[in-house]
Amino acid sequence: MTDKTGVLIVGGGPVGLSAALFLQKYKIPFILIEKDESESILPRARGWHVRTLEILRQVGLEDAVQAAGKAAWEQGGFGGARRGRTMLSSEALNMPSREAMMAMMGNDPSPSSFCPCPQSLLDPVLRQALKDRGADLRYGCALKRLTQDDAGVLAHVNNMQGVELTISAQYLIGADGGRSFVRRELGITNSQTAVETHYLNIFFRADLKEAVSNRTFSQCEIANEKVRGIFLSKNNTTEWSFHLEYDPISSSPIEQPDTQIIELLRSAIGEENLPIEILAKTTWSTGVRVAHSFRAGRVFLAGDAAHTMPPWGGLNGNTGVADAHNLVWKLAAVMQEGADPMLLDTYEEERRPVAIRNGKQASLRSDFDARFEIRTESNQEAFRQLQNLGTLQLKYKYSAASQEETGNGTVEQLAGQPGTRFPHAWITLEGERMSTLDLFGKGYVLLQGPTSTLSAQQVLGPAITRTKAYKVGTDFSFCDENVTWSTLTAQAGQEDILVRPDGFVAYGLQTP
Ligand SMILES: Cc1cc2nc3c(=O)[nH]c(=O)nc-3n(C[C@H](O)[C@H](O)[C@H](O)COP(=O)(O)OP(=O)(O)OC[C@H]3O[C@@H](n4cnc5c(N)ncnc54)[C@H](O)[C@@H]3O)c2cc1C
């Protein structure tokens, strides 16, 4: 028996689940397989940037994810950094003002906002939504072998009982994480920078509610004669991750008994007899790895399967969700509308440079102070190269030439330039207040300024049948009287702008 589907997604992390939600929106049949029976309990990614929330807004999940994030922080919020010999004796870093920190995340207009939410709480929200919407999700099913030809992909999958099934699909998305089986099966190699630090991620339970009250943090760096590492908070009360630094040449702490690990944790916390329960452990290392290719035939890599980078700045998972968003509308165009399959080549052309740049920026944040915008004698060079996190997430420009054009592939201001995310403004359309971004998400959209002299038919030709067109003043108006078409698209100077389904500008026409 072979199950047939449109797209097979391998991996049920945030990237695979997001890809599934986007495919579902386009009504493309898909099957998602995940080798584990449930989500990982490790709270890895905790910071979801504005752009990720904008993307989740398109699939109706922005509020649910924000609610999960709000519930996560039982004490104190997400934020703040400390450093010391132990967690309990650590001192708060002299952080820039709250306004400066907000500016660091980017102040660009958006209908959405940054969401601090541990990945272990985000993934279940995405999974539940898919389930409620009738998705074919197969947990406990691992990909074991993969072949492809011109017509499609054949996947051999084992379920928990060891029963083998085969799934045939037109396309496959490998979202199977940093050790990607799909990538290795395809023989795709990586570029890899040197690994600076190896960590054992120890997720544990310990009641520190009283001890950290009024001293909550997002990150706390520890160094003493017994232990070096960093605490990342999960709820600032009872559940924590400690990332223990180790040298793989001289030690392998993952093999040490929990009793020894608990002793190390007590040394890092600074309380000798604290009851501690270890919940999960895994190893990871810094260094940036980017796949040389994001595609082989009908198989695509997305998220950690395509790139990994240190978590500093919280870039990697966010970059992965945007990968899936970029890929799925292109698959939909090819599978449903007969678009030229060459469109699929643009996935790698557009996303690989973003991964390379974000990887470099994540590495620059390896310096603990630089990560929190604190200048020191030793981090001057990093500061010279650091780019604003909001800019990295929101203001990149897709273009083969963009790196050369601007030196860093980003723009100063989003203003409707081809290759950039169309700017947000609140508008009224058919009596409803919404964001300009709410116009996008399915099919191309033509936006016309009030003085456009062209009809939508003239701009679009035969494509008018599958493109929505809206004209300022006729179909919608801006809610804020200070916003006009020319302030919004100031740098483009264009009256007719075609926007892709992912909200990025395809092209603009100069007013004749
Ligand atoms: C300590 C830490 C903190 C981080 N903080 C941030 C942050 O704040 N912001 C941010 O953006 N990123 C952060 N990251 C990075 C983020 O966690 C990853 O980028 C993200 O998990 C990638 O998602 P993914 O879906 O690509 O891969 P994963 O989450 O790794 O999911 C891959 C899935 O594929 C499954 N799988 C593997 N092989 C198979 C197979 N053969 N068959 C079926 N299923 C398979 C796995 O079981 C897994 O569930 C952090 C990472 C770490 C380690």
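**Exercise 1. Find which residues line the largest cavity of this predicted model, and work out where that cavity lies.**

Solution. Step one is to list the lining, which consists of F22, K25, Y26, Q58, V59, H325, V328, W329, G441, P501 and D502. Step two is to assign these residues to elements: α1 (14–25) and α9 are the elements that give two or more residues to the lining of the largest cavity, and α9 supplies the largest share, three residues. Step three is to sort the lining by class, which gives six nonpolar, three polar and two charged residues. Step four is to place the cavity: domain 1 (2–73 + 112–191 + 289–341) and domain 2 (426–510) both contribute residues to its lining, and therefore the largest cavity lies between them. As for its volume, about 70 Å³ of space lies in this cavity, and a search of the whole structure finds three cavities of 30 Å³ or more.

**Exercise 2. Describe the second largest cavity by its volume, its lining and the elements that contribute to it.**

Solution. Begin with the volume, since about 60 Å³ of space lies in the second largest cavity. Next, read off the lining, which is made up of R51, T52, I55, N318, T319, A322, R351, V354, N358, L392, Q393 and Y396. When these residues are matched to elements, α2 (50–58), α9, α10 and α13 (389–394) are those that give two or more residues to the lining of the second largest cavity. Finally, the classes of the lining residues are five nonpolar, five polar and two charged.

**Exercise 3. Determine which domains border the second largest pocket, and which element gives the most to its lining.**

Solution. The second largest pocket has a volume of about 640 Å³. Of the 29 residues that line the second largest pocket, W329, A333, L343, Y444 and P501 are the closest to its centre. Turning to the elements, α9, α10 (345–364) and β27 (505–510) each supply at least two residues of this lining, and α9 gives the most, with five residues. Sorted by class, the lining of the second largest pocket has 16 nonpolar, seven polar and six charged residues. Because domain 1 and domain 2 both give residues to this lining, the second largest pocket lies between them.

**Exercise 4. Identify the residues with the most contacts inside the largest nonpolar core, and follow the contacts of V7.**

Solution. The largest nonpolar core has 92 residues, and those with the most contacts inside it are V7, L8 and I33. Helix α9 (residues 316–337) gives the largest share of this core, nine residues. Apart from the largest core lies another core, of 24 residues, which includes L208, V212, V227 and I262. For V7, leave aside its neighbours within four places in sequence; the residues in contact with V7 are then L23, I28, P29, F30, I31, A169, Y171, I173, L331 and M335.

**Exercise 5. Decide whether G174 is buried or exposed, and describe its surroundings.**

Solution. First locate G174, which lies in strand β10 (residues 164–174). Its relative accessible area is 0%, and because buried means under 20%, G174 is buried. Then consider its contacts: leaving aside neighbours within four places in sequence, G174 is in contact with V10, V182, F300, L301, A302 and A305. Finally, G174 and G16 are 158 residues apart along the chain, and their C-alpha atoms are separated by 7.9 Å.

Notes:
Residues are numbered from 1 along each chain as its sequence is written. This is a predicted model: local features need pLDDT of at least 70, side-chain atom pairs count only at pLDDT 80 or more; totals for chains, interfaces and linings use all residues. Side-chain values use heavy atoms; hydrogens and water are left out. A nonpolar core is a set of buried Ala, Val, Leu, Ile, Met, Phe, Trp, Tyr and Cys residues joined through side-chain atoms within 4.5 Å. Buried means under 20% relative accessible area, exposed over 50%, partly exposed in between (1.4 Å probe, protein chains only). Helices (H or I, at least four residues) and strands (E, at least two) are DSSP runs, numbered from the N terminus. Contact means heavy atoms within 4.5 Å. On a 1 Å grid over the protein atoms alone, a cavity is a set of points where a 1.4 Å probe fits but cannot get out, and a pocket is an open set with protein on both sides within 12 Å along at least five of seven lines; lining residues have an atom within 4 Å of a point. Grid points are joined across faces, edges and corners, and a volume is the space filled by probe spheres set on the points. Ala, Val, Leu, Ile, Met, Phe, Trp, Tyr, Cys and Pro count as nonpolar, Asp, Glu, Lys and Arg as charged, and the others, Gly among them, as polar. Domain bounds come from an automatic or database domain assignment.
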